[in-house]
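Let's read a model together, one feature at a time. Have the sequence and the coordinates open as we go.

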Amino acid sequence: MAGPTRDFWDKRFAAGDTPWDRGEANPQLGAWLATLAKPVGVFCHNDVLALAVLAASRQANLDVPTEIGLVGCDNDPLATRMGHVALTSVITDHEEHGFRA
């Protein structure tokens with residue numbers, strides 16, 4: 001089974017209609033996660049997306065962190081505590097990165 005297509009996400013981003021906008025788990029995402037060889041690691045570009053993956057994993061009866069190792073980015077203090085398990089998140093220092101660039 002293939003993952004959600006780019007067209008699937010493009011339409012929803014444009015409409016502001018993503019699972020994390022609605023606070024819902026996406027069944028297609030959960031179904032795709034279920035097809036991956038376990039254990040698997042998933043890195044998300046922000047903590048809000050990581051929460052969507054966490055919700056989809058739970059809905060698909062996949063255990064985080066035993067089956068899915070999940071890491072977010074931005075270290076959002078609220079998002080890292082909102083899931084049913086604590087979210088691991090990478091701290092990014094945008095100001096420092098900009099200064100060094």
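What follows is a short question-and-answer tour of this predicted model.

Q: Before we start, what are the ground rules for this model?

A: Numbering starts from 1 along each chain as its sequence is written, and side-chain values use heavy atoms, with hydrogens and water left out. The model is predicted, so local features need pLDDT of at least 70 and side-chain atom pairs count only at pLDDT 80 or more, while totals for chains, interfaces and linings use all residues.

Q: How many helices and strands does the chain have, and in what order do they run?

A: Helices (H or I, at least four residues) and strands (E, at least two) are DSSP runs, numbered from the N terminus. Here there are six helices and three strands, and the order is α-α-α-β-α-β-α-β-α.

Q: What share of the chain is buried?

A: Buried means under 20% relative accessible area, exposed means over 50%, and partly exposed is in between (1.4 Å probe, protein chains only). By that cut-off, 31% of the 101 residues are buried. Now take contacts, meaning heavy atoms within 4.5 Å: of those between residues at least 6 apart in sequence, 58% join residues at least 24 apart.

Q: Which residues of α3 are buried, and why do they line one face?

A: The general idea first: an α-helix has 3.6 residues a turn, so residues three or four places apart point the same way. In α3 (residues 27-35), the buried ones are Leu29, Gly30 and Leu33. Down the axis of α3 they fall within an arc of 100° (taken from the directions from the helix axis to the C-beta atoms), so they line one face of the helix. Their cover includes β1 (40-43), α4 (47-59) and β2 (68-73).

Q: What about Pro27, also in α3: buried or exposed?

A: Pro27 is exposed, at 56% relative accessible area. Its C-alpha atom is 7.6 Å from that of Ala60, although the two are 33 residues apart along the chain.

Q: How do I read the pairing of the strands?

A: Count bridges: two strands pair if DSSP finds at least two bridges between them. β1 and β2 have four and are parallel, with Gly41 bridged to Gly69. The chain gets from β1 to β2 through α4, in a right-handed β-α-β crossover. Right-handed means that, with the strands pointing away from the viewer, the path from the first strand over the helix to the second runs clockwise. On its other pairing, β2 runs parallel to β3 (residues 88-90) with three bridges, and Val71 has Thr88 as its bridge partner.

Q: Which face of β1 is covered?

A: The covered face has Val40 and Val42, and the uncovered one has Gly41 and Phe43. Across in β2, Leu70 stands opposite Val42.

Q: Which side chain does Ser89 make a polar contact with?

A: A polar contact is a pair of N or O atoms within 3.5 Å; within protein, one must be able to donate a hydrogen and the other to accept it, and residues adjacent in sequence count only if both atoms are side-chain atoms. Ser89, in strand β3, is buried at 17%, and its side chain makes such a contact with the side chain of Asp47 at 2.7 Å. A polar atom of that Ser89 side chain also lies 2.7 Å from the backbone nitrogen of Asn75. Leaving aside neighbours within four places in sequence, the residues in contact with Ser89 include Gly72, Cys73 and Thr80.

Q: And what does Arg100 in α6 join up with?

A: The side chains of Arg100 and Glu96 share a polar contact of 2.5 Å. Arg100 is exposed, with a relative accessible area of 67%.

Q: Which backbone angles should I check?

A: Most residues other than glycine have a negative phi, and most peptide bonds are trans. Two cases of positive phi here are Asn61, near 60°, and Asp74, near 110°. Asn61 sits in the loop between α4 and β2 and is exposed at 69%. Asp74 sits in the loop between β2 and α5 (79-82) and is partly exposed at 37%.

Q: Where are the cis peptide bonds?

A: One joins Lys38 and Pro39, with omega about -5°, and Pro39 is in the loop between α3 and β1. Another runs from Val64 to Pro65, with omega near 15°; Pro65 is in the loop between α4 and β2.
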